[in-house]
Amino acid sequence: MTKKSSEMISSCETGIAKPSRLKSKKSAFYRHLGDFRWRGVRKEAYKSVDDSWSGVCRKVLIGSHGEDTNFHVRYFEISPGGYSSLETHQHEHVIICVKGEGIARTGKKKIKIGFMDTVFVAHYALHQLSNPFDGPFGFLCIVTARRDNPRIVRSKSSK
């Protein structure tokens, strides 16, 4: 805890926006129902159907239910043998593994990630997530609400 102006605040609270500046008009709660399902959150298509990805599902936790936020929080799950598109875009994002394990590619580097490992994907970084393992690979993805469309990169070695 950090002491500031005779009040105690946690170190996580320093630099937060004042309530009068927050855009959200309402708060929301989505109860976790187990097995990475949440009440009021539906499974969505990852992207339009094409051959740039396989075995990926998406659930938008924050960002498609009427919240007026500067960020979105999404849960993705990649089936064994599946992979996201190999892509690049202007916006940055954060990946936090919460289920199983997978491979995070950023640039030419591939890293095995597991529970609570966190990856920052920088502006325009070539990236892809894949699951060569036996169980599902699930991760939270935190991304800016306003973002550009990704540029899919076709590569024989993208998987």
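Tyr46, Trp53, Phe76, Phe137 and Phe139 come together as one aromatic cluster. Keep in mind that this is a predicted model, and let's start with the rings.

**Aromatic pairs**

Inside that cluster, Phe76 and Phe139 are worth a look, since both residues are buried. The count of aromatic pairs for the structure comes to seven. Take Phe36 and Tyr75: their ring centres sit 5.1 Å apart and the planes meet at 10°, which is under 30 degrees, so the pair counts as stacked. This pair bridges distant stretches of the chain, with Phe36 in the loop between β3 (32-34) and β4 (37-38) and Tyr75 in strand β7 (residues 71-83), 39 residues apart. Tyr75 has a relative accessible area of 1%, so it is buried. Phe76 and Phe139 form an aromatic pair that is stacked too, at 5.5 Å centre to centre with 15° between the planes. Here Phe76 belongs to strand β7 and Phe139 to strand β14 (residues 137-144), so the pair ties together parts that are 63 residues apart in sequence.

**Salt bridges**

Now for the charged side chains. How many salt bridges does the structure hold? There are six, and the table gives three of them, with the distance taken from N to O.

| Salt bridge | N to O distance |
|---|---|
| Lys99 and Asp35 | 3.6 Å |
| Arg58 and Glu44 | 3.2 Å |
| Glu87 and Lys47 | 2.2 Å |

Lys99 and Asp35 meet through their side chains in a salt bridge. Because Lys99 lies in strand β9 and Asp35 in the loop between β3 and β4, this pair ties together parts that are 64 residues apart in sequence. Is each partner buried or exposed? Lys99 is buried, with a relative accessible area of 16%, while Asp35 counts as exposed at 57% relative accessibility.

With Arg58 and Glu44, the side chains also meet in a salt bridge. That pair links distant parts of the chain, Arg58 in strand β6 (residues 54-62) and Glu44 in strand β5 (residues 44-45), 14 residues apart. Both Arg58 and Glu44 are buried.

Then there is Glu87, which forms a salt bridge with Lys47. Glu87 is in strand β8 (residues 87-88) and Lys47 in the loop between β5 and β6, so to speak a link between distant parts of the chain, 40 residues apart. Glu87 is buried at 8% relative accessibility, whereas Lys47 is partly exposed with a relative accessible area of 22%. Salt bridges with shared partners also join Asp35, Glu77 and Lys99 into one network.

**His93 and the cysteines**

His93 lies in strand β9 (residues 93-99). Its relative accessibility is 8%, under the 20% cut-off, so His93 counts as buried. What does the side chain of His93 make a polar contact with? The partner is the side chain of His127, at 3.2 Å. Leaving aside residues up to four places away in sequence, His93 touches Val119, Phe120, Val121, His127, Cys141, Ile142 and Val143. Of these, Cys141 is 48 residues from His93 along the chain, yet their C-alpha atoms are separated by 6.8 Å.

Cys141 is itself buried, with a relative accessible area of 2%. Cys97 is buried as well, with a relative accessible area of 0%. How many disulfides does a search of the whole structure find? Zero.

**Strand β10 and its partners**

Last stop is strand β10 (residues 102-106), which is mostly covered, with four of its five residues buried. β10 pairs with strand β11 (residues 109-113) in the antiparallel sense, over five bridges. The hairpin of β10 and β11 has two residues between the strands, and Gly107 takes a positive phi near 65° there. β10 also runs antiparallel to strand β13 (residues 127-130), joined by four bridges.

Which residues stand opposite Ile103 in β11 and β13? In β11 it is Lys112, and in β13 it is Ser130.

Technical notes
Residues are numbered from 1 along each chain as its sequence is written. This is a predicted model: local features need pLDDT of at least 70, side-chain atom pairs count only at pLDDT 80 or more; totals for chains, interfaces and linings use all residues. Side-chain values use heavy atoms; hydrogens and water are left out. Buried means under 20% relative accessible area, exposed over 50%, partly exposed in between (1.4 Å probe, protein chains only). Two strands pair if DSSP finds at least two bridges between them. Contact means heavy atoms within 4.5 Å. A polar contact is a pair of N or O atoms within 3.5 Å; within protein, one must be able to donate a hydrogen and the other to accept it, and residues adjacent in sequence count only if both atoms are side-chain atoms. Rings of Phe, Tyr and Trp (its six-membered ring) pair if their centres lie within 6.5 Å; planes under 30 degrees apart count as stacked, over 60 as edge-to-face and the rest as tilted. A disulfide is a pair of cysteine sulfur atoms within 2.5 Å. A salt bridge is a side-chain nitrogen of Lys or Arg within 4 Å of a carboxyl oxygen of Asp or Glu.
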